[in-house]
Structure formats: structure tokens, C-alpha cells
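Q: I have a new structure open and I'm not sure how to read it. Could you walk me through it, one feature at a time?

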Amino acid sequence: MKRSFIAFMLVLTLSAMASAQTGLEIGQIFNGRYAGDPTVTETMMSGNHQFLRRHDLNVFATFKGPSSKYASIIEPMVLADGAKSVGRNIRYKEGKLHYAFFMLRPITEGGEKVNRFLYYLNNAPQKGSNMMVVYFEGPISQSEASSLIQSMAKNVK
């Protein structure tokens, strides 16, 4: 009985995270496709998690991996989703997307407005550099979202 409940909750959590990114190209990278690659770090949170409560979030997902391997795959997805955004801050470096912060169109869940944000950072051409994608949503404001991203960006090498 306990195992069935745990399995049910896992399926429910994964479906909630997947539905949060429905219609977004970046949903393709948060489905575990790259989980077998030891150079990739992927995090997905939803539900009643302390980090989410502290930052006023419903969903938080990150992907971090080597720029040389993943930037050419992920950059077009990020730009496709960013093209439909309602707010953006983009920077290019040497012809490649270096930094992007998008406020995606809000969605409504349970009658509540949910803001959605997408962040991308690619520190290439630095040798051995990583790229990072962060998707998060919740009633968080745009200024709070920017502050959260700034604090996280300090940790990307």
C-alpha cells in the first residue's frame, strides 16, 4: 500500500511538472532525456518544498551541462520560447546567445495567475564552461525573479 502511494505521488508530481511546461520547447530538456549523462545536472521541484515556499514558487527546474555539448541543442529551444515572451533581456557574445531572461506569458491555475520565467546562461567560449537553463513559475514578481536569478548566476562556472 505504501509503495503504491509513493508511486502514485511520483507520477502526480512528474505530470504536474510536465504540464507546467506544456507548450514550451524547453519541456524537452526537463523530461530526463539527459539524466544518464554524468556531465549533466538536472533538478526538478514542485509541491510543498521549502525552497519553493521561500521563493514563492510552484515549480522550479534547472539543467546544467557542458556548453560544447548542449548549447547548440538547447539554444534554439530557449529562443523559440523567448519569441513568445512578454518581457525579455538578451545578450549575445561572439555571435552566440550568452544570456537570456524571459518572462513568459502567465498561465492560470485554479483561478490564480501564475508567472513563468525562463533563464539561460552560456559562458562559452571559456574552455570547460557550462551552460544553464532555469525554468520557474509561481506568484513571484518579475523583480523577485530577477533577484533569484542574480543570486543563482553567481554559482555557474
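A: Sure, and let's start with a word we'll need: a residue counts as buried when its relative accessible area is under 20%. Keep in mind that this is a predicted model. Take β2 as a case: seven of its eight residues are buried, so by that cut-off the strand is mostly covered.

Q: In what order do the six strands form the open sheet?

A: The general idea is that strands of a sheet pair through backbone hydrogen bonds, either parallel or antiparallel. Here the order is β1-β2-β6-β5-β4-β3, with antiparallel pairing. At the edges sit β1 (41–46) and β3 (87–93), each pairing on one side only. On average, neighbouring strands in this sheet are turned by 10 degrees against each other, direction ignored.

Q: Which residues stand opposite each other between β1 and β2?

A: Look for bridge partners across the two strands. Met 44 has Ala 61 of β2 as its bridge partner, and Met 45 stands opposite Phe 60 in β2. In total, β1 and β2 (residues 59–66) pair over six bridges, in the antiparallel sense.

Q: How many bridges pair β2 and β6?

A: Eight, and that pairing is antiparallel too. One place to look is Gly 65, which stands opposite Met 131 in β6.

Q: Which strands does helix α3 lie across?

A: Helix α3 (residues 67–82) lies across β2, β3, β4 (96–109), β5 (112–122) and β6 (130–138), and runs at about 140 degrees to β2. To see how they meet, look at the buried residues of α3, which pack against those strands. Among them are Tyr 70, Ala 71, Ile 74, Met 77 and Val 78.

Q: How far apart are the end C-alpha atoms of α3?

A: Only 19 Å, although a straight helix of its 16 residues would reach 22 Å at 1.5 Å a residue. Now find Ile 74: a kink of about 35 degrees lies there, shortly before the proline Pro 76.

Q: What is the phi of Asp 56, and what is that of Glu 94?

A: As background, most residues other than glycine have a negative phi. Asp 56 has a positive value, near 60 degrees, and Glu 94 is positive as well, near 55 degrees.

Q: Where are Asp 56 and Glu 94 found?

A: Both are in loops: Asp 56 between α2 (50–55) and β2, and Glu 94 between β3 and β4. Asp 56 is partly exposed, with a relative accessible area of 35%, whereas Glu 94 is exposed, at 65%.

Methods. Residues are numbered from 1 along each chain as its sequence is written. This is a predicted model: local features need pLDDT of at least 70, side-chain atom pairs count only at pLDDT 80 or more; totals for chains, interfaces and linings use all residues. Side-chain values use heavy atoms; hydrogens and water are left out. Two strands pair if DSSP finds at least two bridges between them. Helices (H or I, at least four residues) and strands (E, at least two) are DSSP runs, numbered from the N terminus. Axes are lines fitted to C-alpha atoms, for helices over the stretch in contact, and angles run from 0 to 180 degrees between N-to-C directions. Contact means heavy atoms within 4.5 Å. Buried means under 20% relative accessible area, exposed over 50%, partly exposed in between (1.4 Å probe, protein chains only). The expected span of a helix is 1.5 Å times one less than its number of residues. The bend at a residue is the angle between axes fitted to the seven residues ending there and the seven starting there.
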